[in-house]
Amino acid sequence: MDELKEHCGVAGVYLSGGGDGASKLVYYALQSLQHRGQESAGIAVSDGERIEHYKNMGLVSEVFDRGRLAELKGHIAIGHTLYSTSGRAAIENAQPFVSRSKLGTVAVAHNGSLVNTEPMREFLEETGSSFTSTSDSEVIIKLIAKNYKKGLERAITDTIQLIKGSFALCVMTEQKLIGVRDPNGIRPLCLGKVQNGWMLASESCAIDAVGGDFVRDIDPGEIVIINEDGVLSFKFGEKTSKKLCVFEYVYFARPDSIVDNIGVLEARMKMGEVLARESPAAADVVIGVPDSGLGSAMGYSRASGIPYAMGIVKNKYIGRTFIAPTQEAREQMVFVKLNALKSDVCGKRVIIIDDSIVRGTTSRRLIRLLRKAGAKEVHFRISSPPVKFPCYLGIDTPERAGLISANHDVEEIRKEIGADSLAFISLEGMLEALRSSLRFPEDSGAEDAGGEDFAARRKIRLEACGFCQGCFTGEYPMPMIGEIGKRDS
């Protein structure tokens, strides 16, 4: 991985019949979502009458100790772990955001990025709202609070009709937990069942972490309201096509998660298989860049018949390298974070699989690492197509001038990073791998039976299974209001 910066993780818990353990479940959920954001963490909790919250800079385990969690008592809770794609890394941008008024209190945790933040902020300021952060997420809670007199459901519906972009929301009042997913489903959100209650989370691995059972993904354009009566679901707005961020499978999501009926590890292994078919190389060993390149490396090995080896060891106490304060420091951390296993690569022709190349600097250092360990040849293979365009929907990519594939062809990049050969998976091959990994629980057994009915159902579902590919093609699910001029060059 070479410098794509991710978004955030959100979680929410509702425990029926009262109790005070919701914050602990959210804490463990956030721990399992820590890969999605490492700058700040926060939890808000309700005891049915009052909402309390705490947030601070740092990892989840640094922000919350046993004493702090014990103070957050209640049966409803939401939590957030942040990488700031909108606004700077500072305590005022940490989430959840909480708004108090005479009508009640609302807390919001947001994963995603709005593309109409500025006009919405100007509208709110003109009507009397003030802001304490630079986060687009504060716009969302201000809009909900502004319309709260209409009732919670109407306030949320009105808000999400106004905002444009990507959003997976966990919203909480004193007595309800609400989940919302944007009309294109760009950001993931799922529903799980826990003992005596329900859970919302960015990924299914968070539900597994607390001993819960994954129920389903929240659909694009769906609102779920959870209270003592159970789970109420309804859709808002016109029907749109699903456009989940494809980098959830390439890099962001944990390999043990299932996102929109696709197992993440299975998808990565299929990408590796396609990559082996499209771009073979004569080699002695296949290795992957930890952690997100490992699945594709295993798939490449399986399809090519070339032995798989560990090859690179990761220091598990070093976080993802983008949290270093400068680009130079991030590059240097590659040597601190990763080390080559000489016994696996010395004297051998090595195929190394990574998930993407963005700037090229980390890739160059990885190849130097392998050559220093004695690799005879280094063939670089990438399990995603060239990243040529910025993302405006929740991934903090550089401007086009900083994207190596936007300014150089494959051969020029190969020379720049020092590889003996370089190849990317094709866009068609990546989509083939994803769609072949689709699984639907309700079809268990039907697939073996086959038949026209199963084939027809699968065809309909495949046609509905879309992905946002803007960083590869420059075509986004919606107009990028007010953002293209700021980020594109």
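**Close-up views of a predicted model**

**View 1. The four cysteines of one annotated binding site.** In an unreviewed entry, UniProt lists Cys245, Cys391, Cys468 and Cys471 under "binding site". These cysteines are spread over 227 residues of sequence, yet they cluster in space, with a largest C-alpha distance of 10.0 Å. The model shown here and in the views that follow is predicted.

**View 2. Surroundings of Cys245.** Cys245 is part of strand β14, which covers residues 244-245. Its relative accessible area is 6%, so Cys245 counts as buried, the limit being under 20%. Leaving aside residues up to four places away in sequence, Cys245 touches Ile186, Arg187, Phe252, Ile395 and Cys468. Cys468, one of these contacts, is also among the residues listed by UniProt for the site.

**View 3. Surroundings of Cys471.** Helix α19, made of residues 470-473, holds Cys471. With a relative accessible area of 10%, Cys471 is buried. Beyond residues up to four places away in sequence, the contacts of Cys471 are Phe247, Pro386, Val387, Lys388 and Phe389. Phe247, one of these contacts, reappears in the next view as a member of the largest nonpolar core.

**View 4. The largest nonpolar core.** This core has 49 residues, of which Phe247, Tyr249, Met271, Met430 and Leu434 touch the most other members. At least two core residues are supplied by each of β14, α8 (247-252), α9 (264-278), α10 (294-304), β20 (349-354), α16 (427-436), β23 (467-468) and α19. Helix α9 gives the largest share, six residues. A second, separate core has 27 residues, including Ala11, Ala41, Leu69 and Ala77.

**View 5. Contacts of Met271.** Met271 is among the residues that touch the most other members of the largest nonpolar core. Not counting residues up to four places away in sequence, Met271 touches Tyr249, Val250, Ser296, Ser383, Ile425, Met430, Ala433 and Leu434. Tyr249, Met430 and Leu434, which are among these contacts, are likewise named with Met271 in the core.

**View 6. A nonpolar patch on the surface.** Leu265, Met298 and Tyr308 make a nonpolar surface patch of about 220 Å². Met298 belongs to helix α10. At a relative accessible area of 30%, Met298 is partly exposed. Helix α10 is also one of the elements that supply at least two residues of the largest nonpolar core.

**View 7. Helix α6 and its cover.** Helix α6 spans residues 152-162, and its buried residues are Leu152, Ala155, Ile156, Thr157, Asp158, Thr159 and Ile160. The elements covering these buried residues include helix α5 (136-146) and the strands β7 (165-172), β8 (177-181), β12 (222-227) and β13 (230-235).

**View 8. A further annotated binding site.** UniProt, again in an unreviewed entry, lists Ser292, Asp354 and Asp355 under "binding site". The three residues are spread over 64 residues of sequence but cluster in space, with a largest C-alpha distance of 7.4 Å. Asp354 lies in strand β20, while Asp355 is in the loop between β20 and α13 (361-372). Asp354 is buried because its relative accessible area, 0%, falls under the 20% limit. Asp355, at 0% relative accessibility, counts as buried too.

Conventions: Residues are numbered from 1 along each chain as its sequence is written. This is a predicted model: local features need pLDDT of at least 70, side-chain atom pairs count only at pLDDT 80 or more; totals for chains, interfaces and linings use all residues. Side-chain values use heavy atoms; hydrogens and water are left out. UniProt positions are given in the numbering used here, feature names are shortened, and annotations may be inferred rather than shown by experiment. Helices (H or I, at least four residues) and strands (E, at least two) are DSSP runs, numbered from the N terminus. Buried means under 20% relative accessible area, exposed over 50%, partly exposed in between (1.4 Å probe, protein chains only). Contact means heavy atoms within 4.5 Å. A nonpolar core is a set of buried Ala, Val, Leu, Ile, Met, Phe, Trp, Tyr and Cys residues joined through side-chain atoms within 4.5 Å. Patches are made of residues with over 30% relative accessible area and no salt bridge: like charges are joined within 9 Å, nonpolar side chains (Val, Leu, Ile, Met, Phe, Trp, Tyr) within 5 Å. Accessible areas come from the Shrake-Rupley method with a 1.4 Å probe; for residues, only the protein chains shown count as cover. A salt bridge is a side-chain nitrogen of Lys or Arg within 4 Å of a carboxyl oxygen of Asp or Glu.
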